[in-house]
Amino acid sequence: MIKTKSPEEIALMRESCRIVKETLDFVGRNIRAGMTTKDVDDMVYRYITSCGAYPSSLGYGGFPASACVSVNEVVVHGIPSDRIIRDGDIVSVDITAEKNGYNGDAARTFMIGDVDEEKRQLVKVTEECFFKAIEGLKAGTPLYDIGYAVQTHAESHGYGVVRALVGHGIGRDMHEDPSVPNFGRKGTGMRLKAGMTICIEPMINAGTYKVVFHDDGWTVTTMDGKPSAHYENTVLITEDGVEILTL
């Protein structure tokens with residue numbers, strides 16, 4: 001069931017989303033080559049809890065960490081470990097924070113040191129895909145217009161749009177209806193309503209859109225081993241546009 005949020009609920013979500021945004025800003029200022037992905041996770045845990053919030057990923061479905069930290073060919077859901085972040089890597093950090101019963105969710109892909117042009121362009125276009133997706137978005141827009149915008153922009157650059165993973169609604173639960181694919185046919189799908197809060201999260205691969213789900217139950221990598229980037233925000237649908245709650 002798709003839930004719209006009251007003004008009071010939206011106010012609570014703004015607080016959670018602010019914490020997520022500030023946490024990612026903090027990671028962006030401090031992440032560097034030589035750290036492990038576990039070091040990044042520790043940073044996320046300390047920052048979120050210092051704000052009086054809880055990292056919703058920790059324990060979610062058995063996930064053992066506060067952040068998904070995904071390096072290069074890891075698309076999403078990278079489990080923090082002793083893997084060392086190296087100069088030239090791209091690292092996506094996906095976090096969710098819960099405060100006062102409501103969640104905020106966002107992801108950024110960080111470029112570490114001297115990153116080659118292929119990866120730089122991928123990160124740039126992935127972020128552009130998000131902003132293409134919200135152009136003209138408002139109450140009454142068909143849901144799959146979002147995926148159409150992402151897919152059109154990514155594929156115009158020769159990239160693969162991940163199909164096996166999608167965005168989602170968010171609120172009291174980290175994942176709510178509706179599913180928000182990054183591909184689709186324009187003019188189709190349910191009509192968005194004012195008060196809906198959704199996570200739009202392009203996951204874009206440098207090569208094929210196909211992915212591999214690993215035996216740990218979480219890690220997803222590109223099938224061809226090429227890099228992938230991820231950019232996500234929590235968005236509020238309004239009568240005449242959108243409000244990006246995690247910016």
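Which residue of S14 stands opposite Cys199? In this predicted model, the residue facing Cys199 is Thr234 in S14.

**Strand S9 and its partners**

Strand S9 covers residues 197-200, and its side chains alternate in direction: Thr197 and Cys199 point one way, while Ile198 and Ile200 point the other way. All four of these residues are buried. S9 pairs with two strands, as set out below.

| Partner of S9 | Residues of partner | Sense | Bridges | Opposed residues |
|---|---|---|---|---|
| Strand S7 | 167-169 | antiparallel | 2 bridges | Gly169 opposite Ile198 |
| Strand S14 | 233-237 | antiparallel | 4 bridges | Thr234 opposite Cys199 |

Ile198, which stands opposite Gly169, thus points the other way from Cys199, the residue that stands opposite Thr234 in S14.

**The loop before S9**

Gly195 belongs to the loop that lies between strand S8 (176-180) and S9. Gly195 counts as buried because its relative accessibility is 9%, and the cut-off for burial is under 20%. Gly195 and Val242 are separated by 47 residues in sequence, and their C-alpha atoms lie 9.8 Å apart in space.

**A patch of negative charge**

On the surface, a patch of negative charge brings together Asp87, Asp114, Asp116, Glu117 and Glu118. One of these residues, Asp116, is located in the loop between strand S5 (102-111) and helix H3 (117-133). With a relative accessible area of 40%, Asp116 is partly exposed; this value is over the 30% that membership of a patch requires.

Definitions and conventions: Residues numbered from 1 in each chain as written. Predicted model: local features only at pLDDT ≥ 70, side-chain atom pairs only at ≥ 80, totals over all residues. Heavy atoms only, no water. Patch = residues over 30% accessible without salt bridge, like charges linked within 9 Å, V, L, I, M, F, W, Y side chains within 5 Å. Areas by Shrake-Rupley, 256 points an atom, 1.4 Å probe, with all protein chains shown as cover. Salt bridge = Lys/Arg side-chain N within 4 Å of Asp/Glu carboxyl O. Lys, Arg positive; Asp, Glu negative; His and termini not counted. Charge placed at Lys NZ, Arg CZ, Asp CG, Glu CD. Buried < 20%, exposed > 50% of the residue type's maximum accessible area, 1.4 Å probe, protein only. Pairing = 2+ DSSP bridges.
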